[in-house]
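Biologist: I'm new to reading models like this one. Could you pick a single part and go through it closely with me, in plain words?

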Amino acid sequence: MTIDPIHIIGGGLAGSEAAWQIARAGVPVILHEMRPVQPTEVHKTTDFAELVCSNSFRSDDAETNAVGLLHEEMRRLDSVIMACADSHKVPAGGALAVDRDGFSAAVTKRLTSHPLIEIRREHVDGLPPADWDNVIVATGPLTSKPLADAIATLTGETSLAFFDAIAPIVHRESINMDIAWYQSRYDKPGPGGTGADYINCPLSKEEYEAFLDAVLAGDKTGFKEFEGTPYFDGCLPIEIMAERGRETLRFGPLKPVGLTNPRNPEVKPHAIVQLRQDNALGTLYNMVGFQTKLKYAEQVRVFRMIPGLENAEFARLGGLHRNTYLNSPVLLDSTLRLKTQPRLRFAGQITGCEGYIESASVGLMTGRFAAAERLGQPVTAPPPTTALGALLNHITGGHLVSEEAGPRSFQPMNVNFGLFPPLEISPKGEGGKRLRGSEKALAKKRAVSARALEALESWKNATAGEQLPA
């Protein structure tokens with residue numbers, strides 16, 4: 001039988017992986033890549049899956065690291081990105097790093113030599129033609145302006161961001177609740193709230209002054225020339241606010257009004273840092289109003305000066321940079337289709353994920369979804385207990401929507417264990433011994449990873465026959 005092709009716009013990590021997954025399912029692909037017809041500010045070659053920043057795919061530890069677990073899940077699903085990375089890895093300790101030129105050349109060779117993949121070097125400068133009935137848009141954080149404008153017009157201008165204004169996110173279990181406490185400002189219960197919806201970390205005058213000095217003196221990253229400086233008052237970096245005066249933060253995100261420390265109700269904190277629940281599972285909390293250009297190591301050092309966060313573990317650190325991405329929980333369905341125009345799927349960083357391997361993994365899922373749909377087969381998402389499913393859940397619905405004015409709440413995220421459903425039973429040591437501290441944390445990660453791989457195998461086996469045409 002004749003099978004109509006699926007069109008993919010963008011030959012980065014996500015688009016390359018999507019093309020491979022579709023072709024291996026027996027469905028023809030037309031992959032549209034604008035380079036070299038339309039160059040970008042950062043790409044140096046015309047190869048597919050070119051790495052424009054680091055050459056590292058981060059940790060390859062599949063037992064105790066969520067990124068390593070995602071690596072392993074993708075390997076088990078015949079990922080072209082992982083196969084080429086493994087073939088061109090370079091020494092990097094426990095991380096998976098690659099020879100970037102060899103890696104991209106290998107991906108390019110696999111795609112161009114596959115009989116079901118047609119390459120078209122052309123710039124798709126608007127919405128795909130109406131006769132493209134199954135399309136994956138995988139144009140990445142540097143989506144060309146004409147296409148970005150077309151997507152913005154289709155989805156609504158407020159649904160497509162051109163810059164991240166990211167506040168750090170903290171793992172709930174790493175917050176010291178002997179110091180911090182739950183309370184909403186003036187005990188006001190917001191929609192669905194209880195009046196105790198924020199975690200509050202108090203600072204004395206001395207602690208605030210020391211924190212302020214550290215923020216002002218901290219090493220910061222700059223914008224690339226093509227990014228400009230897109231500050232606006234709704235999401236000013238904390239260091240910009242601090243530069244405007246030593247009391248600015250106390251009248252902004254660190255204002256202490258309407259809150260009382262239950263452990264010392266007679267003493268009014270000089271300033272208070274609030275953290276708001278960030279995901280439906282309640283495992284992640286974001287630092288309210290803490291957009292920043294501090295370098296990552298500086299963020300960890302400076303933010304751990306805040307009482308209650310002295311041992312904080314960060315699921316994501318803050319930033320402000322150019323990154324075109326959708327308000328995916330509102331716009332996309334559970335298989336990454338645009339709700340208002342289901343012929344369009346989105347993959348990679350434009351969906352609201354961060355990182356090389358996360359982008360590729362979303363491409364992998366989108367490719368499998370699109371192929372199954374083309375073949376008239378059930379479109380089945382991976383279980384939420386897998387790394388793939390946990391990331392998909394964050395993108396399409398696991399994030400809590402902010403009820404407050406200001407920047408929208410959904411922001412890009414790397415895969416991390418805070419996105420996974422909690423274990424039903426806490427792991428024990430030998431002889432049923434209760435585990436504590438780092439030993440407990442490692443045991444939980446191993447248990448989550450083992451659960452994930454078991455669930456992946458069940459899903460893979462259940463969908464294996466669906467990926468081959470009759």
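Modeller: Here's a close look at one pair of helices, and then at what one residue of that pair touches.

First, some ground rules: this is a predicted model, so local features need pLDDT of at least 70 and side-chain atom pairs count only at pLDDT 80 or more, while totals for chains, interfaces and linings use all residues. Residues are numbered from 1 along each chain as its sequence is written, and side-chain values use heavy atoms, with hydrogens and water left out.

The chain has 12 helices and 17 strands (DSSP runs numbered from the N terminus: H or I of at least four residues for helices, E of at least two for strands). Our pair is α1, residues 13–24, and α4, residues 100–113. Two packed helices are described by the angle and the distance between their axes. Here the angle is about 35 degrees and the axes are 10 Å apart (axes are lines fitted to C-alpha atoms over the stretch in contact, and angles run from 0 to 180 degrees between N-to-C directions). The crossing is left-handed, meaning the near helix is turned anticlockwise from the far one by less than a right angle.

Who meets whom? On the α1 side you'll find Leu13, Ser16, Ala19 and Trp20, and on the α4 side Phe103, Val107, Arg110 and Leu111. Contact here means heavy atoms within 4.5 Å. Sort those residues and you get six nonpolar, one polar and one charged (Ala, Val, Leu, Ile, Met, Phe, Trp, Tyr, Cys and Pro are nonpolar; Asp, Glu, Lys and Arg are charged; the others, Gly among them, are polar).

Now zoom in on Phe103. Leaving out residues up to four places away in sequence, Phe103 touches Leu13, Ala49, Leu51, Phe57, Ile81, Cys84, Ala85, His88 and Val98. Phe103 is also among the residues with the most contacts inside the largest nonpolar core, which has 87 residues, and so are Phe57 and Ile81. Such a core is a set of buried Ala, Val, Leu, Ile, Met, Phe, Trp, Tyr and Cys residues joined through side-chain atoms within 4.5 Å; buried means under 20% relative accessible area, exposed over 50%, partly exposed in between (1.4 Å probe, protein chains only). Helix α10, residues 356–374, gives this core its largest share, nine residues.

One last neighbour: Cys84 has a relative accessible area of 2%, so Cys84 counts as buried. Don't look for disulfides, though: the count is zero, going by cysteine sulfur atoms within 2.5 Å.
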